[in-house]
Amino acid sequence: MKRLKELQSRLSEPKRFTPSVVAIVACLPIIALGGAVFHQASQSKEVARRELRVNTLRSRLAKDIELSALNCRRYEKDFFLNMGDHVCCNWYLRKWREKWKTLDDEVALMLEITPADDQHRHVFQWRQTVSHYHSSFLWVVAQVVEGEITDPPAANLAIAPMKESIRRMIDEAESFGERSDDLVDSARDQLEHAHLVIATTALASVFLVAVVLAWSVSSARREAANARTAVAYAIRLKGAINAAESSNQAKSQFLANMSHEIRTPLNGIIGFTDLLIRQGDATSPAEREDYLHSIQTSGKHLLALINDILDLSKIETDKIELEYLDVAPHALLAEVVSLMRVRSAENGLQLDCQWIGPLPKIVHTDPTRIRQILVNLVGNAIKFTTQGCVRMVAQVDQHEGGNRLRVEVIDTGMGIPPDKLEIIFTPFSQADNSVTREFGGTGLGLTISRRLARSLGGDLTVESAIGAGSTFTMTVDIGSLADTEMLPSPPGDGVAARTNNEESEATTPQLPPSRILLVEDGKINRKLIIALLTQAGVTSVDTAENGEIGVQQATTHQYDLILLDMQMPVMDGYTAAATLRSLDIQTPIIALTAHAMKGDKAKCLAAGCDDYLAKPIDPDELVKKIAQWRQEEKSAAGANVVAVDGDADNRAAVEDAPIAARLISTLPTENAIFLEIVQDFGQLLQTLIRNLQAASAAQDNAELKRLAHDLVGTAGGAGFADFTEPARHLEALAAETIAGQEHCQEIVQTIGVLEKLAARVHIPATDLVVTC
């Protein structure tokens, strides 16, 4: 800081330039005279420059007018010579119109820049000639079309007067261009003369002052520049040091929190694993089960922590991806209730959902991020509530410039102290340390939820009282609802209602005897999946270490299903799936990938896979997926019918299909409003699929993009989220194809995925049958 003050004081010291001031006073008469001459020459230069620019433009336009008129004459002649060929006539007429439009524009511009003299009168006559020529030619064309003129001589005779006028105009334009060229040369000479005068005057005026001032000014300028540079450098250096210290402190705090949070589940995983190894057979069954459950819980906690940190890092660097779609808000809430019902039931809590006021059928927002926020809020409410209930209350609030979707998550839990209401939104923070010890959690969920809500144009706030529970309020902007259909509010439990069939689907099925090919390069992963499959009833599991070996085995042996890792050496899963499909091997393929980002599922399906599982593999989900596809093979006869309970002729085909193979809407269809939405989608689905096939066959990518976008919104609004990823991927492929990238094969494959999904759609209680 002392050095910085010294530099600043040196910069502020007065400088003495006495010799320079005397020299400047002595040179003032010379400078004044030079300035006058310089000003006069500058005015002459500007006049010459304007004349040069205008005359150059006139010369060029005259040549362009001559060329355009000749082109019009040529296409006019070709039109009449090809009167018998309709296609040729149309082509020459179109080219004539283009050239005539160019000619008309050029003459109009020439008229604007030509001064009001005799030349201006000539150009005005050109404009009239061009206009009359246009009218006359089109009149003759009309006569040709109507059949009143049938041969070229008659047509040429009809337009002969105007052809003569155009010929004279061409001659005048040529002469006009020659005169303009002479004016251009004259203006260029004047401009060069003005430049010479200016240069001479400037040099004579500046030379004396430059010589006198150079010796006195140079040293002072150097010193001042050095002082300013030093001060600026010192200021920047100080700012950089402060920023580095702040960044280092934040990094240290973040790493300390990260170390603590990651070590906690790792300690559980390593510790209990070590106990199992050390005790061996001495471990009782109850202890073994308890240890394994602790290891599984710690692993899931670690995975959740990693996912939260990835989300937080994207938000911090402004790289969070928001994808705005048309989505049904009631479907979003119903899906959240469906996901969280099992957890609430395990805690002995009732989970309700209620709409207040009219319900918009469709809103425009990011459904993935809203679902993420609500799942976090409802999960927290269930975790911190020991008795009572958890409620979601939704409504639409109007505000200046649009509307907001408002969802309150209300619990009857322990509550939050007033002084902790803002701390809970800080990363890695909870109300107090005992909360982490008793309930777990990373302290990142509310931070991420609030920042996501604000990114969506809203906010996340909280009201709470100790012992009375908490109310978290999420708002997101949904824009204008002027053209949106508003539905009546469903009953208080309408969104949350479920059927008995859905509850029964929660159990993990036992697999039938099957032969499965597992293509996976990770030795531990192969060992784990083989153990899971064998335990679930699979009789034979063949393995391959890369896609090339997998393709060889799949082409030489018959398998019931293929599990295919997508990232492998030699040949990856995407290439392997595409190769198998090109060899007409129709065995169901389930993709296994550690890539769980947006668009990965659609990429796997487009490559030829039938389904998708993200790593780390959930054992129950793996078995359910395999059971679903094994059952679908057995019911293939009825797989191409989207049927409904209300049609007696097709009831048998639907009943034969296994429940796991059906796609059932997540909306509560026992409510008449939601039932009607699902039935409307069933009526529209057949038309959408057929139109997609037709647009693909016709290579109408614009229509393909529009239809795919419509399917994303309509399927999501009707509670069939399985269509979202492939339909969104198809929309992106169509857009890229329009932009010049070819995706024909991938488009056909993606439409095939949508057809398979449509074949599994189940519409309840209606007379509609859709065949895809």
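**Figure 1. Ala 577 sits in helix H15 of this predicted model.** How buried or exposed is this alanine? With a relative accessible area of 0%, Ala 577 is buried, because anything under 20% falls in that class. Setting aside residues up to four places away in sequence, we find that Ala 577 touches Leu 564, Ile 589, Ala 607, Gly 608 and Cys 609. Look also for Ala 591: this residue is 14 residues from Ala 577 along the chain, and their C-alpha atoms are separated by 9.0 Å.

**Figure 2. Asp 584 lies in the loop between helix H15 (573–582) and strand S13 (589–593).** Here we move from a helix residue to a loop residue. The relative accessibility of Asp 584 is 59%, and exposed means over 50%, so Asp 584 counts as exposed. Its backbone deserves a second look too: phi of Asp 584 is near 65°, which is a positive value in a residue other than glycine.

**Figure 3. Helices H16 (residues 600–607) and H21 (residues 724–738) pack against each other.** Two packed helices are described by the angle between their axes and the distance between the axes. For H16 and H21, the angle is about 80° and the axes are 8 Å apart. The two helices are therefore roughly perpendicular to each other. Which residues of H16 and H21 meet? From H16 come Lys 601, Ala 602, Lys 603, Leu 605 and Ala 606, while H21 supplies Glu 725, Pro 726 and His 729. Sorted by class, this contact of H16 with H21 has 4 nonpolar, 1 polar and 3 charged residues.

**Figure 4. Arg 515 lies in strand S10 (residues 515–519).** With a relative accessible area of 29%, Arg 515 is partly exposed, because its value falls between the 20% limit for buried and the 50% limit for exposed. Which side chain forms a polar contact of 2.9 Å with the side chain of Arg 515? The partner is Asp 542. Asp 542 also appears among the residues in contact with Arg 515 once neighbours within four places in sequence are left aside; the others are Ser 540, His 557, Gln 558, Tyr 559, Asp 560 and Leu 561. Ile 562 is a useful landmark as well: Arg 515 and Ile 562 are 47 residues apart in sequence, and their C-alpha atoms are 9.0 Å apart in space.

**Figure 5. Arg 630 belongs to helix H17 (residues 619–634).** Is this arginine buried or exposed? At 9% relative accessibility, Arg 630 counts as buried. Its side chain is joined to the side chain of Ser 514 by a polar contact of 2.9 Å. Ser 514 is in contact with Arg 630, as are Pro 512, Pro 513 and Asp 560, leaving aside neighbours within four places in sequence. You have met Asp 560 before, since Asp 560 is in contact with Arg 515 too.

**Figure 6. Phe 720 is one of the residues with the most contacts inside the largest nonpolar core.** This core has 79 residues, and Met 474, Leu 711 and Phe 723 share the top group with Phe 720. Which helix gives the largest share of this core? Helix H19 (residues 672–697) does, with 9 residues. Around Phe 720, beyond its neighbours within four places in sequence, the contacts are Leu 663, Ile 664, Ser 665, Val 678, Phe 681, Ala 715, Val 761, His 762 and Ile 763. Another core, of 36 residues, lies apart from this one and includes Ile 113, Val 141, Ile 149 and Met 162.

**Figure 7. Gln 699 and Asn 701 mark the way from H19 into helix H20 (701–717).** Gln 699 is in the loop between H19 and H20, whereas Asn 701 is in helix H20. Gln 699 is exposed, with a relative accessible area of 59%, and its phi is near 55°, a positive value in a residue other than glycine. Asn 701, at 17% relative accessibility, counts as buried. Not counting residues up to four places away in sequence, Asn 701 touches Ala 734, Thr 737, Ile 738 and Ile 747.

**Figure 8. The whole chain has 22 helices and 18 strands.** Stepping back, you can place the close-ups in their setting. Of the 772 residues in the chain, 43% are buried. Among contacts with a separation of 6 or more, 74% come from residues 24 or more positions apart.

Definitions and conventions
Residues numbered from 1 in each chain as written. Predicted model: local features only at pLDDT ≥ 70, side-chain atom pairs only at ≥ 80, totals over all residues. Heavy atoms only, no water. Axes fitted to C-alpha atoms, helices over the stretch in contact; angles between N-to-C directions. Helix = DSSP H or I, 4+ residues; strand = E, 2+ residues; numbered from the N terminus. Parallel < 35°, antiparallel > 145°, perpendicular 65-115°, else oblique. Contact = heavy atoms within 4.5 Å. Nonpolar A, V, L, I, M, F, W, Y, C, P; charged D, E, K, R; others polar. Core = buried A, V, L, I, M, F, W, Y, C linked by side-chain atoms within 4.5 Å. Buried < 20%, exposed > 50% of the residue type's maximum accessible area, 1.4 Å probe, protein only. Polar contact = N/O pair within 3.5 Å; in protein donor to acceptor, adjacent residues only side chain to side chain.
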